Amino acid sequence: MAVIDFALVEASFSAAAHSYEQAATVQQQMARQLATAVAPLLRHEGHYRILEIGSGPGNFTQTLLQQINLMANSNVARVTLDLVCNDLSASLLECTMSKVQPWMPAAGAGAAGTEVPAAGAGAEAGAGISVLHCQQVTGNVLQAQTLEQLQSCGPFDVIVSNAVFQWFPHLAQSLQTLQTLLSPQGYLAFSSFAHGTLAELKAICGEEHGLRYLSGKEGKEALLAAGLLPCYWAQERVQHYFSSAREVLRHLQHTGVNALSRERFSVREMRALLQRYEERFSHQQGVVLSWCPYMVVAQKRQRHSSKADICGVRSA
């Protein structure tokens, strides 16, 4: 597996911020599914502390807040949140903050150009959510300085992350670190990518190039090794088609996914790569690229714990 240059990751995603929302269709679908799975954890009236890792431009943050608000209105509940947003990029955290502000008590509906959904039909006055505090923490969550800062903000009832954990070089160790930030019965909910993601590109460039995507079995083993009980698991395979191999690479650039190596291909090498890609992976619908996203909700394991009422491990 290639060594991950997190400075390059930060630079690549910052550069892709303007195009990410439109280009990252798979990640947006993952965000909607993850938010739908997380919202029931916060359905009861009360105050919750949430940490989001890799909040990026705030697309998942906004989707999650909307979904929690719908759930709270449905249950005629008043939910207040303390939100901590973490990312490698300070500029991307500013984008996140602009999408959180409309949910804060001092903000009005529609502030910062973000639409706050109206209460659902039949919701009583006062139902819904408010973000009482939102703190930004810049840095790699696995590094000591950032971790200490997050520890001072915790413990957290829920830690969430959308399409980020594939960047962790050692998932089991990373999960072990993150579970220390959870409250005794806290939840870790995240989406990531499994083995088979970008399979076509790896077939051309070699398995050693790019990230090593874990199998579903390896992912579940990593959760258990970290003291986390998987209560929900869903996995699928998604294929997108493009007009050419060059469009495939452009798509990856627009989503920041190409942020792994500073190595550059020569013009001749790039032409040969694109030709091989199109020869092997062209179909009637276009040139194919595969993704294998998965989503998990896991609870911090207690000595005498039982599965939560949302638990129901499944694979799609």
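A cavity is a set of grid points where a 1.4 Å probe fits but cannot get out, and its lining residues have an atom within 4 Å of a point. With that in hand, a tour of this predicted model can start from the inside. The structure holds one cavity of 30 Å³ or more, and about 40 Å³ of space lies in the largest cavity. Its lining is made up of I50, E52, T61, L64, L65, I68, L83 and V160. Sorted by class, these lining residues comprise six nonpolar, one polar and one charged. Two elements, strand 1 (46-53) and helix 4 (59-74), each give two or more residues to this lining. Helix 4 contributes the most, with four residues.

Helix 4 is also a good place from which to look outward, to its packing against helix 3 (residues 25-38). The two helices meet at an angle of about 35°, and their axes are 9 Å apart. The crossing of helix 3 with helix 4 is right-handed. On the helix 3 side, the contact involves A31, R32, L34, A35, T36 and V38, which meet F60, T63, L64 and Q67 of helix 4. This contact comprises six nonpolar, three polar and one charged residue. L64 thus appears twice in the picture, in the contact with helix 3 and in the lining of the largest cavity. Past the end of helix 4, the loop that leads to strand 2 contains V76. This residue has a positive phi of about 50°, although V76 is not a glycine.

What order do the seven strands of the open sheet follow? The order is 3-2-1-4-5-10-6, with mixed pairing. The edges are formed by strand 3 (128-138) and strand 6 (228-235), each of which pairs on one side only. On average, neighbouring strands of the sheet are turned by 15° against each other, direction ignored. In general, the strands of a sheet pair through backbone hydrogen bonds, either parallel or antiparallel. Strand 6 and strand 10 (residues 293-300) offer an antiparallel example, joined by seven bridges. Within this pair, L229 has Q299 of strand 10 as its bridge partner.

Helices lie across the sheet as well. Helix 3, already met as the partner of helix 4, lies across strand 4 (156-162), strand 5 (182-193), strand 6 and strand 10. The direction of helix 3 is at about 155° to strand 5. Helix 5 (residues 90-100), in turn, lies across strand 2 (78-87) and strand 3, and runs at about 170° to strand 3. The approach to strand 4 has a backbone feature of its own: the peptide bond from G154 to P155 is cis, with omega near 0°. P155 sits in the loop between helix 6 (144-153) and strand 4.

A further helix pair is formed by helix 7 (residues 171-179) and helix 9 (residues 216-225). These pack at an angle of about 35°, with their axes 8 Å apart. Is this crossing left-handed or right-handed? Helix 7 and helix 9 cross in a right-handed sense. Helix 7 brings L171, A172, L175 and Q176 to the contact, while helix 9 brings G219, A222, L223 and A225. By class, the contact of helix 7 with helix 9 has six nonpolar and two polar residues, and no charged ones.

Note on methods. Residues numbered from 1 in each chain as written. Predicted model: local features only at pLDDT ≥ 70, side-chain atom pairs only at ≥ 80, totals over all residues. Heavy atoms only, no water. Axes fitted to C-alpha atoms, helices over the stretch in contact; angles between N-to-C directions. Left-handed = near helix turned anticlockwise from the far one by under 90°. Contact = heavy atoms within 4.5 Å. Nonpolar A, V, L, I, M, F, W, Y, C, P; charged D, E, K, R; others polar. Pairing = 2+ DSSP bridges. 1 Å grid on protein atoms, 1.4 Å probe; cavity = no way out; pocket = protein on both sides within 12 Å on 5 of 7 lines; lining within 4 Å. Points joined across faces, edges and corners; volume = space filled by probe spheres on them.
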